[in-house]
Amino acid sequence: MAVIGGDLGAMSALAQRFGQAGGTFQSQSSAIARRVAAALEEFTSEMRVLDAEARGLADEIAAEMTRLNGRAAATTWTGANRDRMDGIVATLDDDIVRIQGAIEGFVGEASSVVNGALTSTMTELGSNVEAAGASAQQVASSFSSSVENQRAAFDAVMNG
């Protein structure tokens, strides 16, 4: 059977399918955006734990090295042994400062990443995905309405 103007049932089904697809697009993109936010929060939380552990380690190293330096200084050393020991203690002090600097560098760098580029990039990614889903939903909804309007026009013309 030939169809003049359009198959009204098929047009209604197409409009409905586009409406459903738009809702699905928006729902899925919102879910991705929520997962991005949750992943970022989990990462940020873990970095806070690492930050605290790194600072604790730096404090522990400094305290232990201070105790060891105190013991070394309290030991009686004479002559060449004293000179050698003073050199070892000076080197140890430099090493402690270097170790603490490396830990503080890690903490600063990690904090910068979490609070800076990573957070803003991931937040923007989540927003962009959600906006794309909303846009897809709008397009699908608009197309659904257009098809439904076209169907109504065909129906009015053909069936009075």
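## Confidence

Which element of the protein has the lowest mean pLDDT, and which the highest? The low end belongs to α2, with a mean of 83, and the high end to α1, with 87. Keep in mind that this is a predicted model. Across the protein, pLDDT averages 85, and 96% of the residues reach a score of at least 70.

## Helix α1

Helix α1 covers residues 8-74. Its 67 residues should span 99 Å at 1.5 Å a residue, and the end C-alpha atoms are indeed 99 Å apart, so expectation and model agree.

At the N-terminal end of α1 there's a cap from Asp7: one of its side-chain oxygens sits 3.0 Å from the backbone nitrogen of Gly9.

## α1 against α2

Next comes helix α2, residues 79-115, which packs on α1 at an angle of about 170 degrees with the axes 10 Å apart. An angle over 145 degrees counts as roughly antiparallel, and so that's the label for α1 and α2. Sorted by class, their contact holds 21 nonpolar residues, three polar ones and four charged ones.

## α1 against α3

How do α1 and α3 run relative to each other? Their axes cross at roughly 170 degrees and come within 8 Å, so this pair is roughly antiparallel too. The contact of α1 with α3 brings in 21 nonpolar, 16 polar and four charged residues.

## α2 against α3

Helix α3 takes in residues 117-159, and α2 packs with α3 at about 20 degrees, their axes 3 Å apart. Angles under 35 degrees count as roughly parallel, which means α2 and α3 are roughly parallel. By class, the α2 and α3 contact splits into four nonpolar and three polar residues, with no charged ones.

Who meets whom here? On the α2 side it's Ser112, Val113, Val114 and Asn115; on the α3 side, Ala117, Leu118 and Thr119.

Terms used. Residues numbered from 1 in each chain as written. Predicted model: local features only at pLDDT ≥ 70, side-chain atom pairs only at ≥ 80, totals over all residues. Heavy atoms only, no water. Axes fitted to C-alpha atoms, helices over the stretch in contact; angles between N-to-C directions. Helix = DSSP H or I, 4+ residues; strand = E, 2+ residues; numbered from the N terminus. Parallel < 35°, antiparallel > 145°, perpendicular 65-115°, else oblique. Nonpolar A, V, L, I, M, F, W, Y, C, P; charged D, E, K, R; others polar. Expected span 1.5 Å × (residues − 1). Polar contact = N/O pair within 3.5 Å; in protein donor to acceptor, adjacent residues only side chain to side chain. pLDDT = per-residue confidence, 0-100. Contact = heavy atoms within 4.5 Å.
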